[in-house]
Every structure is written in structure tokens, then in C-alpha cells.
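Trainee: Could you take me through one part of this model slowly, namely the nonpolar core, and then add what stands out in the backbone elsewhere?

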Amino acid sequence: MSAKGKRTIYAGPADGSNHKPLNIEGIAVSAMLPGTFLKQTTSGLAVNDIAAIIFGEQTIIADKDQQRSKSVDDAWTINENMVAIAPRSGEFVNALVATTQTLERGSPLARNGAGLLKLAVTPATVGATSEEIVGYADETITTTATTLVRVRVA
């Protein structure tokens, strides 16, 4: 997952200022890795299972457990008090991308319905359904497993 040396989830704003992301705290509804896309539920923070064709979902990403000096490879466990972030447009995060995705810098990314990102289907494709673009790849990579990829939030 952190094969390319990624050690953080929030990578900062595009303008280089010293802004901090909005933190969201909650109970982990299930076990999840940092970089996973989440949704808020009445029970806490859950893996986002909302399809990319549903528009308007808030972007929430599981952060790493910095209070206990955990890394991006250490999963949050069920019923644990966890921290997530809600990045703003133009900010950079390291988010989990599904396996077998061939990305170039600037590739549009959408939710895959399992808490990960995938290459978005573009409306220009014949017969394609529009998807909500949640970010753009900021590196060129082919994922051979679920991998943290630097993403510019849309």
C-alpha cells in the first residue's frame, strides 16, 4: 500500500499555505485502512458504499492514527474512536485506489462503491453513465494492488 513511500494521508493545499483539513471524529463501524473513502452513519464512520453515479456525497477520508504514532499501513479496528478528514477542493491527499487501475497524472477518479477510487468513466464514452469526479490523479501509476495514490481533490 505505501510502496511508493507514502507516510501521510493529508498532503496539503495546492497553494502551499499552512491550512489544516477539517477533522471528523467517530466510531469505526468496521475495520478500514487509512486512505479509505468513508460516509457518516448514525453508528459512526463507515466505508463508503455509494456508487459513483450518486452525486453530492461529502468527501471524507480515513486518516492515519497519529495520536498513537500509527502508519498508513495500520488499519482502524471496529468500534475504535477514529479520525477522518474532509479535504477541500484543490487540496492533495493520498487515497486508496483499487487494483488494476492505469492512471496518468490528471486522470479523473470516482468512487467504486467499496471505499476506494477507480478511473472514472468519462461522459465522452459511448453509452457511458456520468460519474461524480471526486479527484484527479497527481501521479502516473498502474496499481497492482490496492494502493495509496496522490490525488488532487475536485
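**The nonpolar core and a loop**

Mentor: In this predicted model, the largest nonpolar core is made up of 22 residues, and within it Val93, Leu103 and Leu117 are the ones with the most contacts. Two strands that each supply at least two residues of this core are β7 (92-97) and β13 (147-153).

Val93 is a good residue on which to centre the view. If its neighbours within four places in sequence are left aside, Val93 is in contact with Ile9, Tyr10 and Ala11, with Ile61, with Ile85 and Pro87, and also with Val149, Arg150, Val151 and Val153. Apart from the core that holds Val93 there lies another core, of 11 residues, which includes Ala28, Ala62, Trp76 and Met82.

For the backbone, turn to the loop between β5 (60-62) and β6 (81-86), where Ser69 lies. Although Ser69 is not a glycine, it has a positive phi of about 55 degrees. Its relative accessibility is 67%, and because exposed means over 50% relative accessible area, Ser69 counts as exposed.

Asn79 is found in the loop between β5 and β6 as well, and Asn79, which is not a glycine either, has a positive phi of about 70 degrees. With a relative accessible area of 59%, Asn79 is exposed, whereas the residues that make up a nonpolar core are buried, which means under 20% relative accessible area.

Key: Residues are numbered from 1 along each chain as its sequence is written. This is a predicted model: local features need pLDDT of at least 70, side-chain atom pairs count only at pLDDT 80 or more; totals for chains, interfaces and linings use all residues. Side-chain values use heavy atoms; hydrogens and water are left out. Helices (H or I, at least four residues) and strands (E, at least two) are DSSP runs, numbered from the N terminus. Buried means under 20% relative accessible area, exposed over 50%, partly exposed in between (1.4 Å probe, protein chains only). A nonpolar core is a set of buried Ala, Val, Leu, Ile, Met, Phe, Trp, Tyr and Cys residues joined through side-chain atoms within 4.5 Å. Contact means heavy atoms within 4.5 Å.
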